[in-house]
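Dear colleague,

I am passing on the structure below, together with some notes on what I found in it. Please read the notes with the structure open beside you.

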Amino acid sequence: MGARLINIEYYLPDKILTNHQLAKQFPDWSSEKIEKKVGVKERHIVRENETALDLALIAGKKILKNYDKDKIDFLLFCTQSPEYYLPSGACILQDRLDLNKTIGAFDYNLGCSGFVYGLALAKSLITSKIATNILLITSETYTKHIHSKDKGNKTIFGDAAAATIIEKSETEKIGEFVLGTDGSGYKNLIVPNGGLRNRYNNNVKEIYEGSGSIRTDNNLYMNGPEIFNFTIKVVPKVASKTLEKNKISLEGVDYIIFHQANKYMNDYLRKKIGISKEKYYSNLLYTGNTVSSTIPIAIKDSLDNEIIKKNDKVLIIAFGVGYSWGGTIIKI
Amino acid sequence: MMEKMKIEDFINDLKDALDIENENIEISLKTNLKELEEYDSLSLLSIIAMIDKNFCKQIPSSDFAKVTTVRSLIKLIGKEYFII
């Protein structure tokens with residue numbers, strides 16, 4: 001007995017922020033350079049009155065169009081842009097998606113590593129016979145946390161939600177997991193204010209970053225160079241440990257999907273690990289970094305474009321805020 | 001111990017990382033990186049990658065903040081990695 005991934009659907013909000021618009025706002029910003037290096041041309045961003053739960057609901061409805069919703073017996077909801085402190089968004093989603101009242105449902109707070117952790121949770125719920133048909137929704141609206149004058153983060157991040165169904169199966173299609181955490185880096189990717197440690201502050205001072213970006217402690221802060229250092233150190237090790245644990249070589253894997261952080265970082269990681277370009281997914285051109293949804297979006301697009309096909313073994317690695325990371329191999 | 005690097009090779013790699021296209025811009029040990037238009041958050045990523053590739057070393061961002069001249073960057077990486 002095991003678990004398998006059945007289907008993925010995603011939703012991108014309809015409002016688009018283009019490089020052209022960003023170049024207007026930041027005159028010293030080179031549209032060409034950004035596209036070449038960061039690999040993003042446009043990102044979808046939520047409107048003022050649109051939330052991660054709204055996106056999750058649309059992605060959820062989309063996937064349930066082709067799936068009997070009464071079969072769902074567990075809902076996992078991954079977000080760092082919650083509707084409320086309490087209750088859990090997952091409870092609200094149960095009602096709005098009209099799922100059975102007999103399901104288990106909860107939120108978990110993870111960023112870029114969220115999808116891999118979601119698969120690990122789903123697999124363990126299935127193999128422990130707690131659930132059989134799981135709806136996993138990752139939804140993020142980092143743009144709500146980003147200061148309107150934060151050039152760097154506005155360039156990188158986009159909003160999105162992805163819904164994935166994981167089902168009990170005869171054979172195991174979700175491999176062994178390598179998970180990791182290093183909370184010593186928590187300050188390098190953080191929204192400092194708005195929680196209960198530091199309340200949201202209306203009189204907060206503006207902080208001028210060296211690169212010409214402005215933010216406050218109410219907003220998302222990312223120490224890009226430090227995050228890059230972390231990924232250089234951790235990701236190659238996670239990749240090799242995941243392969244080892246699944247008793248497979250890099251050559252034996254059909255395709256490799258990493259969390260899409262930014263093009264430069266992903267290209268560097270690819271070269272460092274020694275992965276050929278042909279086997280490596282790299283595309284955030286029209287979405288930007290959508291945090292916990294980059295991997296399901298990549299899997300869905302790779303399936304739709306027949307880059308990956310049935311029975312392919314796909315290595316997936318996720319890493320980011322926390323720090324938190326994880327890797328596994330899924331069989332399509 | 002890794003092979004030591006020639007200063008001129010390092011400066012060439014640094015120029016690539018900074019994406020300096022203007023051939024008239026001379027980079028020497030005395031060049032103050034902070035005064036270069038090309039030294040921004042994006043080129044910093046390239047410099048981090050270049051240092052990792054050549055020396056298998058990650059420089060904490062707080063140390064990067066103290067870098068001024070190319071010489072100070074070399075000192076930060078460690079003089080023992082260079083043929084001086």
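One pairing makes a good place to start: in strand 6 (residues 133–140) of chain A, A:Thr138 is the residue that stands opposite A:Cys78. Please keep in mind throughout that this is a predicted model.

**The five-stranded sheet of chain A**

The residue A:Cys78 belongs to strand 4 (residues 74–78) of chain A, and this strand runs parallel to strand 6 of chain A, to which it is joined by 5 bridges. Strand 4 of chain A also pairs in the parallel sense with strand 5 (residues 104–108) of chain A, again over 5 bridges, and there A:Phe74 has A:Gly104 as its bridge partner. Between these two strands comes helix 4 (residues 89–96) of chain A, and strand 4, helix 4 and strand 5 of chain A together make a right-handed β-α-β unit.

Is strand 4 of chain A enclosed by the rest of the structure, or open to the outside? Since 5 of its 5 residues are buried, strand 4 of chain A is largely enclosed by the rest of the structure. In a regular strand, side chains alternate between the two faces of the sheet. Here A:Phe74, A:Leu76 and A:Cys78 point one way from strand 4 of chain A, while A:Leu75 and A:Phe77 point the other way, and all of them are buried.

These strands are part of an open sheet of 5 strands in chain A, with the order 1-7-6-4-5 and mixed pairing. Its edge strands are strand 1 (2–11) and strand 5 of chain A, each of which pairs on one side only, and neighbouring strands of the sheet are turned by 15° against each other on average, direction ignored. Strand 1 of chain A runs antiparallel to strand 7 (residues 160–169) of chain A, with 9 bridges joining the two, and in strand 7 the bridge partner of A:Glu9 is A:Ala163.

Helix 5 of chain A packs on this sheet, where it touches strand 1, strand 4, strand 5, strand 6 and strand 7 of chain A, and its direction makes about 165° with that of strand 6 of chain A. Helix 3 (residues 52–64) of chain A lies across strand 1, strand 4, strand 6 and strand 7 of chain A, and runs at about 45° to strand 7 of chain A.

**The four-stranded sheet of chain A**

Chain A also has an open sheet of 4 strands, with the order 8-15-14-13 and mixed pairing. Strand 8 (178–181) and strand 13 (255–258) of chain A stand at its edges with a single partner strand each, so one side of each is left without a neighbour in the sheet. From one strand to the next, the twist averages 15°. Strand 13 of chain A pairs in the parallel sense with strand 14 (residues 313–320) of chain A over 4 bridges, and within strand 14 of chain A the residue opposite A:Ile256 is A:Leu315. Helix 5 (residues 114–127) of chain A lies across strand 8, strand 14 and strand 15 (324–331) of chain A, running at about 60° to strand 15 of chain A.

For a sense of distance, consider A:Thr102, which lies in the loop between helix 4 and strand 5 of chain A. This residue is exposed, with 8 other C-beta atoms within 10 Å, and its C-alpha atom is separated by 34 Å from that of A:Leu315, 213 residues apart along the chain.

**Where the two chains meet**

The contact between the chains takes 14 residues from chain A and 11 residues from chain B. On the chain A side, helix 7 (224–245) and helix 8 (263–273) are the elements that give two or more residues, and helix 7 of chain A provides the largest share, 7 residues. By class, this side has 6 nonpolar, 5 polar and 3 charged residues.

**Within chain B**

Helix 1 (residues 7–18) and helix 2 (residues 41–55) of chain B pack at an angle of about 145°, with their axes 8 Å apart, and their crossing is right-handed. The residues B:Asp13, B:Leu14, B:Ala17 and B:Leu18 in helix 1 of chain B meet B:Ser43, B:Ser46, B:Ile47, B:Met50 and B:Asn54 in helix 2 of chain B; they divide into 5 nonpolar, 3 polar and 1 charged.

Finally, B:Arg71 is found in helix 4 (residues 70–77) of chain B and counts as partly exposed, with 16 C-beta neighbours inside 10 Å. Leaving aside its neighbours within four places in sequence, B:Arg71 is in contact with B:Leu29 and B:Lys30.

With best wishes

Technical notes. Residues numbered from 1 in each chain as written. Chains lettered and ligands numbered in written order. Predicted model: local features only at pLDDT ≥ 70, side-chain atom pairs only at ≥ 80, totals over all residues. Axes fitted to C-alpha atoms, helices over the stretch in contact; angles between N-to-C directions. Left-handed = near helix turned anticlockwise from the far one by under 90°. Contact = placed C-beta atoms within 7 Å. Nonpolar A, V, L, I, M, F, W, Y, C, P; charged D, E, K, R; others polar. Pairing = 2+ DSSP bridges. Buried ≥ 20, exposed ≤ 12 C-beta atoms within 10 Å, placed from the backbone. Right-handed = clockwise from strand over helix to strand, strands pointing away.
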